[in-house]
Amino acid sequence: MSSRLGEILVKDNLISADQLRQALDYQKKNGGRLGTCLVKLGLVSDDDITAVLSRQYGVPSINLRFYEVDPSVIRLVPQETAIRYQIVPLSRVGSTLTIAMTDPTNVFAMDDIKFMTGFNVEPVVASETAIGEAISKFYGDIGSVEELDKVMKDLAGDEADALELAGEEAEVDLAQLEKAAEEAPIIKLCNLILTDAVKRGASDIHIEPYEKEYRVRFRIDGVLQPVMAPPLKLKDPITSRIKIMSKLDISEKRLPQDGRIMIKYLKDGKKKELDFRVSTVPTLFGEKIVLRLLDKENLRLDMTKLGFEPESLQKFERQILKPYGMVLVTGPTGSGKTNTLYSSVSRLNTPETNIMTAEDPVEFQLPGINQVQMKEQIGLNFASALRAFLRQDPNIILVGEIRDFETAEIGVKAALTGHLVLSTLHTNDAPSTISRLMNMGIEPFLVATSVNLICAQRLVRRICVQCKEPLQIQPQALVEAGFTAEEAARTTVSHGKGCSTCNNTGYKGRVGLYEVMEITDELRELVLVGASALELKKKALEQGMTTLRRSGLLKVAAGLTTMEEVLRETVL
């Protein structure tokens, strides 16, 4: 193919015979395709190569630099497949998938993609340089495309075949596992996964084995996105490598394990520390690994930047500045509760204050605060830590989570005996937290007198500022979502159309929605007589509480997020 391309370029007077020899010598020394070598040497342009390839193969050519691809089409083909075959999926019409290729005669690539996606494949031709740039643009730059390609080639060789291990039922050869985990390509691939997650701003990495597939997904701005699908034979070496890095037992495959990876690396000439919390769970086809990124730079400790409405923030600050009582932050896993609590204790952290925290696990180390890591296996749980704290002369106690009656009871008693207690609970909204405490067995009079404030929260994705644009929505739809008729008439809704900055999602970053219920005297009386969550909500609304839905609508009106995000996370 190379010589044929060279002959056509000479025949068309695009290069001379001497230039062709020069390019062929360069290709022998450095490898790569002839077309790419000619472009690197500055002898022809990318467009010239594409035009010649188009004529040579009799298929249309495309300029990928100006082409935007729907993310749902990109997801049809995994990243490493795109790199291996040098292809980019462009569009899908009915049962036909159009792909850009450097070599449209590669029937293996087309058959593989046809089998993988279930669609008929229609090729168009593009230069290798343009395809490399497009893969970086649409799939994200994982180190560099060439680097990942090299790693995948290393892994696809005989060396990787030697790593194939016995089935789950067979005896585990520890020496072989350790050797496999220390192979250079495996180390490189694991490092690439970790660093790419940081570059993309992911909060979690999911490494998941299935019967016929092994996949890696990143949670970016709260949404899981497929990133790559390494060969299934690499399942054990990758698992072992992650376990070695997090100091876990690589021979134990039947029980869940928890560990931590600390990494130091250079970013923009500065040393950066990264902390990964590692959790492994045995599944049907091997161990699933989830790594939570704990990046100190992403921890916002300024309460004014979390997304609180001014009145809600005022209420929250008023209650955490009281000398005693209980402040509860509620919401599902991953809704930013820890960040809100850390922001609160940072606000209260002065040399005159003794702050003690019981956490499982300690996510970030905060200077000047006494943080205690829970260890259930030796009997150090929230309740026992809380009892010990009361003998440590504390002013403020932070309990990671109230999970049972014992913890709730000690927390309530601490709040009633002159301590400020901050904690979290898993409930859907602020009013239902009162019912949850009573269901745990806490007496209504104790709940009424100890709890000062309850804050329910959610996280929604922010609209990308680079590609933000207005969106036409019928006022009636806005009214149905919760806006008044007057608000609907003057509200401009925005969305992100998708760009390279936000990886074509239209979203970049997240912002909090907050429902802050301050426990007033009237609400205390309702709690004492055993009022339902519905009655408590009604009274709180009368007193001006902003609900989660209302908080979301205010952020839609301010152009911070979209209606879809608010409807996904809140109810009327």
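In what sense do strand β10 and strand β14 pair, and over how many bridges? In this predicted model, β10 (residues 325-330) runs parallel to its partner β14 (residues 420-425), and the pairing covers 6 bridges. Within this pair, Leu328 sits opposite Ser423 of β14.

Stepping back, the two strands belong to an open sheet of 7 strands with mixed pairing, laid out in the order β12-β11-β13-β14-β10-β15-β18. The ends of that row are β12 (370-373) and β18 (507-518), edge strands that each pair on one side only. Going from neighbour to neighbour, the strands are turned by 20 degrees against each other on average, with direction ignored.

A helix also comes into play here. Helix α14 (residues 310-320) packs on the sheet and touches β10, β14, β15 (451-463) and β18. Its direction makes about 60 degrees with that of β18.

The sheet is not the whole story for α14, since α14 also packs with helix α15 (residues 337-348). Two packed helices are described by the angle between their axes and the distance between the axes. For α14 and α15, the angle is about 55 degrees and the axes lie 11 Å apart; the two helices are therefore oblique to each other. As for handedness, α14 passes α15 in a right-handed crossing.

Which residues make this contact? From α14 come Phe316, Glu317 and Ile320, and they meet Thr340, Ser344, Arg347 and Leu348 of α15. Sorted by type, the contact is a mix of 3 nonpolar, 2 polar and 2 charged residues.

Key: Residues are numbered from 1 along each chain as its sequence is written. This is a predicted model: local features need pLDDT of at least 70, side-chain atom pairs count only at pLDDT 80 or more; totals for chains, interfaces and linings use all residues. Side-chain values use heavy atoms; hydrogens and water are left out. Two strands pair if DSSP finds at least two bridges between them. Helices (H or I, at least four residues) and strands (E, at least two) are DSSP runs, numbered from the N terminus. Axes are lines fitted to C-alpha atoms, for helices over the stretch in contact, and angles run from 0 to 180 degrees between N-to-C directions. Contact means heavy atoms within 4.5 Å. Angles under 35 degrees count as roughly parallel, over 145 as roughly antiparallel, 65 to 115 as roughly perpendicular and the rest as oblique. A crossing is left-handed if the near helix is turned anticlockwise from the far one by less than a right angle, and right-handed if clockwise. Ala, Val, Leu, Ile, Met, Phe, Trp, Tyr, Cys and Pro count as nonpolar, Asp, Glu, Lys and Arg as charged, and the others, Gly among them, as polar.
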